[in-house]
Each structure stands twice: as structure tokens, then as C-alpha cells.
Amino acid sequence: MMIEQVGQIEPWLRKRFVCDCGKEHSTSIRKVIIERGALAELAPYAQERGYSELLLVADRHTLEAAGRELLQQCEAAQLKARLCVLAEDEHGELAADERVIVQLMLHVTPSAQAIVAVGSGTIHDTVRFVAHRTNRAFLSVPTAPSVDGFASVGAPLIIGGFKQTIPAMPPEAIFADLALLAKSPQAMIAAGFGDMLGKYTSLADWQLGQVLFGEPYCELAAEMTRQGLALCVDHAEDIAAGTELGVRKLMEGLTLSGISMLLVGNSRPASGGEHHLSHYWEMKFIQERRRALLHGAKVGVAAVKMAALYESAAALTKEAAARAIAAKQASGDVPTAERVCAQIKKGYGSIADQVLAENGLEAGSVSSLDEELPQRIIKHWDAIRDVCRSVPSPAVLAEALQRAGGPTTIEELGVEEELLQESMQYAMYVRNRYTIMRLGQWL
Ligand SMILES: [Zn+2]
Ligand SMILES: [Zn+2]
């Protein structure tokens, strides 16, 4: 039906339709402008929508990059606009957590009609949550093409040290000014590319869920993510150089990935094991009060690790997979509910209860091992192997990251081997979602 338009943004704005996957999809985003000078389109848009009072949310960097200019533009258009500049903590960090949410809440006056996120992921996630809970319109001004979360619904927030995704809402409109994006730090541009590269493994993880558990799967959403990824991979050099064409293609790719999540109503197309690894590292860094790493930089490196798991699974014939599973069963090294509970308690310490709940393993709940799973894995091995083979090799992914100028190894990223080993054991439980890490427990 609309599959030929799948790599474009415009056809999917404010749409409601019944898809070939059998589900009704809808998107509420009204406008996406990705061009030089997009910033100046915000004030006229707000006027058109009848938003006479705006709250502009920035940090001290994005205030200088775009916040002040936007404030002047709003004032020139006779709009009432106020600034909320989110303050970093004592370690110079700004995370989408309780502290920052309260800072923003204190600035939301009864008369403010729209909240404008002027920044990257953290500011967007904070505004997305607060705008949703205070019933205000949410407008987006990305200042760096660093994540695919601009267009998405869920707000990944860190509450009590646990990274969880709280349902919120997408922005009503996105104003991505290429002049601004091209000036953003190279590391943030490379991070956006890393976030996109993770789609190779997140899409494969989604297919594993479909093959083994009959999870709902939408080929349209998957194809949209794939085409967004292709835009980025095809322009890796331009993206690395931070040219206007490069940041345009990257921003388009990130936006398509966001719209794909909107279509299916969750982050399944865009977030799999590579994101779980990234979230695990992030939580450990917070616990240890270490300086945060860029989300997309972590995701890119984690995708290389997931691709290695896919590569070794792809090497197994059906007979070899069956033998590996039999050996695991014979040694008792299988993920029973008891063993998973014990592992989560060991790996997550003070936040173990939240992780157990995420996995449906709260204290007192009756949970049993999916007895049939090993047989299903063997039965569907050929389909699983096709999925595994669809993921590029770790070397190819690392090379692409390198072309875009991002870190390719944990050393370059700043994650120790010890933390990597720990995360390869525990990160799969960050979300109750099937991934190559969970499949790897059987192989
Ligand atoms: Zn991401
Ligand atoms: Zn669909």
C-alpha cells in the first residue's frame, strides 16, 4: 500500500490507517521541518496554533546555541515566552531524572500553553514527560542529531537510579535547523550515527521475538527503520564531516526511526540488546558517579558486541544448535525462574526489585520457565539462522562507526572489560524483551 513512501517523513504525519500487519497505526506529529532556517518557523507555527505563551527549555549550552535566538524570535512575533535553563548537578551532569523533572515542573505556569525542548535527548525526554503530565503541547527543537528519540513517545527517565521508559507523548512539531545541527559537536553527530547503527541488531532482535514467541511484528515499521538506517550508512562520510547534507540525512534517519516507533506504539523496532547493554552501562556509571557517556556512542559500540553474538549463532547448523542446547540442559545451565531471580539480585543490587518486576518475577508471583522454548529454538532454527545472517559482521559495523568518526571499541568508549563481561550476563534483564543475549543463554 504505502510501502513505496516508507523512506519519506511527510506521508506519515497525522495519519491513521489500518496496516497490512493487521493493526491500526496512528501518528500525531503535525509537522517536521528539517532544513536550514527551521528555527525561525517555530514562532509562526505557535501563532497559527494559537499558543500565545511558551516555555522554552534549554541547558546552558543550548541556551547559547539556539535558546536566546528563539526567545527573540518569539518576542518579535508578540508571543509571550519564558526560559527555563536546566541546571547541571554538582558533578556537571544533566540527566532526565527526578531532580531535573522537578526543576522543569517549577517553571510550568498555569498560562503556559506549550513547552519547547531546545536541546538533545535529555532535554527532550524531560520535556516530553512534563508536557504530557501537565497537558501542554510539546514542541521540539533538536540542537544535535544525537538520538532517535526526538519523534518517539516513551520518555526514558532515571528514577531511583533505574532507567525506565515512561509512556509520554511525541512532539507536535519538530524544527530541526540544519545550520544548528551542522554546528553541533562532532561526537554528538557520531553518536546519532551510532544510535542508528544499533538498528541492525534491534530489528533482528524483534524478528527473534516474532519467530520464537509470535510477537506482533510490522514489516512497514521495520522497513521504515531499515530505510532510515540506509540513509545514514549511505552518507557516513558526509555525516563524519558534519556537512549539511550529512546532518540532514542523519536527522531524516533518526526521525524515520522515531516514526517507526510511533507506528507500533513502542520502541521494539529501534531498541534491542544493544540498548539494554547501553542502559546497563549508564546505570552503573550513575551508581559509580562517573561522567555519563553519550547514548548513541554506547549504542554503537554495544551493537558491535551484539553483532558478534549474531555472528556466532549464525555459524551453527540446526544440529549444532540442538547439541549446544542439550549440553546446557545436561549441565543444568539453563535460565530457570529461580536462577534468573538469583542472577538479577546479584547483578542489580539495590535496584533488583524494579528489575524483577520488569521481568514479571516480583516476589510472590508464580513464574515458571517456558518449558517449550528449547524445542521451539531447534524447530525454528533455520528461520533464526536467517535472522542471524541478516546482521552485518561486527567488523563491518565497527568499520562503519569508524567512518562516521565514533568510538568502535569499549576502550575508545571508556567502558572496562570487566564491566562489559558483567553486562553481557545481566543487561538482558534491563527490559523484558527477547534479544540475541537471551537466545545466547541456550547456545
Ligand atoms: Zn537509542
Ligand atoms: Zn503495521
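Three exercises with worked solutions follow, each on the predicted model shown above. In this predicted model local features need pLDDT of at least 70, side-chain atom pairs count only at pLDDT 80 or more, and totals for chains, interfaces and linings use all residues. Residues are numbered from 1 along each chain as its sequence is written, and side-chain values use heavy atoms, with hydrogens and water left out.

**Exercise 1.** Identify the protein donors of the zinc ion (ligand 1).

Solution. Donors are N, O and S atoms within 2.8 Å of the metal (3.2 Å for Na, K and Ca), and sites may look incomplete because water is not among the atoms. Asp 195 (OD), His 275 (NE2) and His 295 (NE2) lie 2.1 to 2.2 Å from the zinc ion (ligand 1). Asp 195 belongs to helix H6 (residues 186–197) and His 295 to helix H12 (residues 295–314), so the pair ties together parts that are 100 residues apart in sequence; helices are DSSP runs (H or I, at least four residues), numbered from the N terminus.

**Exercise 2.** Compare the span of helix H11 (residues 273–287) with its expected value.

Solution. The expected span is 1.5 Å times one less than the number of residues. For the 15 residues of H11 this should be 21 Å, and the end C-alpha atoms are 21 Å apart, which agrees.

**Exercise 3.** Describe the contact between Arg 403 and Glu 237.

Solution. Their side chains form a salt bridge at 3.6 Å, N to O, the criterion being a side-chain nitrogen of Lys or Arg within 4 Å of a carboxyl oxygen of Asp or Glu. Arg 403 lies in helix H18 (residues 394–403) and Glu 237 in helix H9 (residues 236–241), so the pair ties together parts that are 166 residues apart in sequence.

Conventions. Chains are lettered from A and ligands numbered from 1 in the order in which they are written. Helices (H or I, at least four residues) and strands (E, at least two) are DSSP runs, numbered from the N terminus.
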